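Visitor: I am new to this structure. Could you walk me through how some of its labels are earned?
Guide: Gladly! Let us look at it together.

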Amino acid sequence: MRAFLGGKTQQLVSRVLFHPVRPSAAVRWRAAQVRLLCSSPSDEEKHRPSMLRHLTSKIKATGPITVAEYMREVLTNPVTGYYVKNDMLGPDGDFITSPEISQIFGELLGVWIISEWMGAGGPKQLQLVELGPGKGSLAADVLRVFNQLKSVLGVASVSLHLVEVSPVLSRIQAQNLTGTQNQEADSEDEPVYRRGETSTGLPVSWYRRLDDVPAGFSIFLAHEFFDALPVHKFQRTDKGWREVLVDIDPEKPGQLRFVVAPSPTLASSTYVQADEKRHHVEVCAEGGVIVQQLARRITEDGGAALIADYGHDGTKTDTFRGFKDHQLHHVLASPGSADLTADVDFSYLRRVAGGDVACVGPVTQKLFLKNMGIDTRLQVLLRSCSDASTREQLMNSYDMLTNPSKMGERFHFFSLLHPSRIAKPAKTTVGMKLEKKSPAPLPVAGFDELSFS
């Protein structure tokens, strides 16, 4: 089934009005171009930061730790975690994301959300739930589309729900989305730790866990979220699969190194598939749990999930890498000072999602955005803009998002849908008479090929 823009979705694209372009962030984007396990840590920092002291103490007490535990500590430790203490996005951070590059990206995702809401019959409630919302740029662009298409949404009750563990980023999000119209909860134990309201009166809520988001018809967005979740790494050996661990380097006590577990671990015995052909595998068990949560909510309450990330369909091996100041950074050097990431294995997400949801994709970002009408949107913006520097910025942003050697084929889109969303129209017969078929579902905008898990 071809799923290029359906008529109704094309109308939505054409109705998205021109909006001033955000300043471009002329910085390098994250790219997986170098294998890091074989490289050596840099000598940029001779001292031992507090995160390194914490990790070495932990390893001395309990032995080598899994890569998943290392990632979890480095990124989300409540005291010294990278995401907890840093503002890592944008030109002054360690990496830049698609919403920071161009408003067009978020606008087209806003159209996708409304298209899926329409495809579900236009429920009276629409919860937009974003996992790891960065600085709030994507949500802001999506909400602008919602405001421009409010006649389509009609009287639907629309709300924004942000799942964010970083106090630093949540404050930035609140400022960008609500200005001063937000307030923190009195107690840290509250499921909703911050509430606010946009300038148009749309309610915004912040959570630390997906489980705390209220039930109801929801469209879930996860842009560059799954690639930051902890992964277990496994190596095939002559004795079978063994887990890769992080240990203290005995020759350099102030540094860490990778080692292979001498015997099977619970993870290596559980997560590696019996028919696995690769020699090195990364498994994001935490991502699998979240996908199962999304699948359950979509099955019970309706909705859809759109995942956009670096990724592959079960073909890559060693993708674990670090980024600092927009440059590749050794994953074990100066832990806590750099972002850590691993490509998403969409074949794993499809498998753990189960048979109660339909899985669509993955397709490349270039194909998804072109199917969504990025070329048309670009031309609309160019015709509305006479400033030469802004036009150049638009063209550069378009190239960054769609060029195969840049983001166009490194990022992929993957979606979870309720099975009824793409079910074939049923035919009924009474006696010898063929009754009228039920209406065909709207095509799933952005995706070229549909498949069930």
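**How the labels are earned**

Guide: This is a predicted model. A good place to start is strand 1 (residues 65–66), which pairs with strand 9 in the antiparallel sense over two bridges.

Visitor: What makes strand 1 and strand 9 a pair?
Guide: Pairing needs at least two bridges. Strand 1 and strand 9 have two bridges, so they count as paired. Within strand 9, Leu245 stands opposite Thr66.

Visitor: How do you know that strand 8 pairs with strand 9?
Guide: Strand 8 (residues 232–237) is joined to strand 9 by four bridges, and the two run antiparallel. At least two are needed, so they qualify as a pair. Thr237 has Gly240 of strand 9 as its bridge partner, and a hairpin through two residues links strand 8 to strand 9.

Visitor: And what makes strand 9 and strand 10 a pair?
Guide: Five bridges connect strand 9 with strand 10 (residues 256–260), in the antiparallel sense. The cut-off is at least two, so this is a pair as well. One of the partnerships is that of Asp247 with Arg257 in strand 10.

Visitor: Why is Glu190 called partly exposed?
Guide: Its relative accessibility is 41%. Buried means under 20% and exposed over 50%, so a value in between is partly exposed. Glu190 sits in the loop between strand 4 (182–184) and strand 5 (192–197), and together with Asp186, Glu188 and Asp189 it forms a negative surface patch.

Visitor: Why does Gln379, in helix 14 (residues 374–383), count as partly exposed?
Guide: Gln379 has 40% relative accessibility, so it counts as partly exposed.

Note on methods: Residues numbered from 1 in each chain as written. Predicted model: local features only at pLDDT ≥ 70, side-chain atom pairs only at ≥ 80, totals over all residues. Heavy atoms only, no water. Buried < 20%, exposed > 50% of the residue type's maximum accessible area, 1.4 Å probe, protein only. Patch = residues over 30% accessible without salt bridge, like charges linked within 9 Å, V, L, I, M, F, W, Y side chains within 5 Å. Areas by Shrake-Rupley, 256 points an atom, 1.4 Å probe, with all protein chains shown as cover. Salt bridge = Lys/Arg side-chain N within 4 Å of Asp/Glu carboxyl O. Lys, Arg positive; Asp, Glu negative; His and termini not counted. Charge placed at Lys NZ, Arg CZ, Asp CG, Glu CD.
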